[in-house]
Amino acid sequence: MKLIKVTFLFFVLFFIFIGGDVFSQVNQNSKEYYLTLNKPGKKKRIRFYVGDELKFKLKGEGFKRKATITAIDSVSITINGLAKIPLEEFKMIHVEKSNYFAGLSRAAHASGTGGGILFGILGGIATLLNVEKGETMIYGGGVLFATGQFFGLFKSRNYKLNSYRYLRSVPQWDGVKLER
């Protein structure tokens, strides 16, 4: 019993004299927050910072909004410096992908869609003028247009918020540099 009392007294004295200095190195004051979209999958978190542009839908609305994040606190975000929206009010978040494949898919989407429309118009004009292979140009334009639309599926994603995908604000601590 005496050993337990001595051990307890040691830990109390250690915490009072030495432990307070050790734990004072950790800064307990949070400066600002960043917003995360937590989700299942390979990339578990998508981060949004003050100054980022955000596309979203709110509960009870049928249209997307596009705004700049001007402030983030523990339970809400402020957009465009005007409206403070609680995190529970968000229904859907639109995320533009920014990897190498997303850049290629954006280029394939734009060139395929534009080229398909151009070939379709030229094929229609050639068919009206009874030029040979005019119908083939129309079919080729249709295939090119459909291919461009297919690649458009990979450039962005809408995340419907539920119990598996949710928004959370995370404090940034002094001295801790998280990757951006």
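Strands S3 and S7 pair in the antiparallel sense, over four bridges. In this pairing Leu58 stands opposite Phe90, a residue of S7. The model is a predicted one, and the description that follows applies to that model. On S7 there is a second pairing to follow: five bridges join S7 to strand S8, residues 156-160, and these two strands also run antiparallel. Here His94 of S7 stands opposite Asn158 in S8. S7 itself covers residues 90-96, and five of its seven residues are buried, so S7 is largely enclosed by the rest of the structure.

These strands belong to a chain with three helices and nine strands in its secondary structure. Along the sequence the order is α-β-β-β-β-β-β-β-α-α-β-β. Among contacts between residues at least 6 apart in sequence, 60% join residues at least 24 apart. Buried residues account for 26% of the 180 residues. The protein exposes about 12,700 Å², of which carbon and sulfur atoms supply 63%.

What lies in the interior can be described through the nonpolar core. In soluble globular proteins, nonpolar side chains tend to be buried together. The largest nonpolar core in this model has 20 residues, and the members that touch the most other members are Leu37, Phe48, Phe56, Phe90 and Ile93. At least two residues of this core come from each of strand S1 (30-38), strand S2 (45-48), S3, S4, S5 and S7. Phe90, named here as a core residue, is also the residue that stands opposite Leu58 in the pairing described above.

Leu37 gives a view of the core from one position. Leaving aside neighbours within four places in sequence, Leu37 is in contact with Lys44, Arg45, Ile46 and Phe48, and also with Ile93 and Val95. The list for Leu37 further includes Tyr159, Leu161, Tyr166 and Leu167. Two of these partners, Phe48 and Ile93, are named with Leu37 among the core residues that touch the most other members.

Ser76 is another buried position, in strand S5. Its relative accessibility is 5%, and Ser76 therefore counts as buried, the cut-off being under 20%. Outside its neighbours within four places in sequence, Ser76 is in contact with Lys84, Ile85, Pro86 and Leu87.

Lys84 leads on to the charged pairs. How many salt bridges does a search of the whole structure find? The search finds three. In one of them the side chains of Asp73 and Lys84 meet, at 3.1 Å from N to O. This pair links distant parts of the chain: Asp73 is in the loop between S4 and S5, Lys84 is in strand S6, and they are eleven residues apart. Asp73 has a relative accessible area of 24% and is therefore partly exposed. Lys84, with a relative accessible area of 58%, is exposed.

A further salt bridge joins Lys66 and Glu53, with the closest N and O atoms 3.6 Å apart. This pair too links distant parts of the chain, with Lys66 in strand S4 (residues 65-72), Glu53 in strand S3 (residues 53-58), and their positions 13 residues apart in sequence. Lys66 and Glu53 are both exposed.

The remaining salt bridge is formed by Arg65 and Glu61, and the closest N and O atoms are 2.5 Å apart. Are these two residues buried or exposed, or in between? Arg65 has a relative accessibility of 32% and so counts as partly exposed. Glu61 has a relative accessibility of 17% and so counts as buried.

Two loop residues have backbone angles to point out. Asn80 has phi near 55 degrees, a positive value in a residue other than glycine. Asn80 lies in the loop between strand S5 (76-79) and strand S6 (83-86). Because its relative accessibility is 43%, Asn80 counts as partly exposed. Lys133 has phi near 70 degrees, again a positive value in a residue other than glycine. Lys133 is found in the loop between helix H2 (100-128) and helix H3 (134-151). Because its relative accessibility is 57%, Lys133 counts as exposed.

Notes. Residues are numbered from 1 along each chain as its sequence is written. This is a predicted model: local features need pLDDT of at least 70, side-chain atom pairs count only at pLDDT 80 or more; totals for chains, interfaces and linings use all residues. Side-chain values use heavy atoms; hydrogens and water are left out. Buried means under 20% relative accessible area, exposed over 50%, partly exposed in between (1.4 Å probe, protein chains only). Contact means heavy atoms within 4.5 Å. Accessible areas come from the Shrake-Rupley method with a 1.4 Å probe; for residues, only the protein chains shown count as cover. A salt bridge is a side-chain nitrogen of Lys or Arg within 4 Å of a carboxyl oxygen of Asp or Glu. Two strands pair if DSSP finds at least two bridges between them. A nonpolar core is a set of buried Ala, Val, Leu, Ile, Met, Phe, Trp, Tyr and Cys residues joined through side-chain atoms within 4.5 Å.
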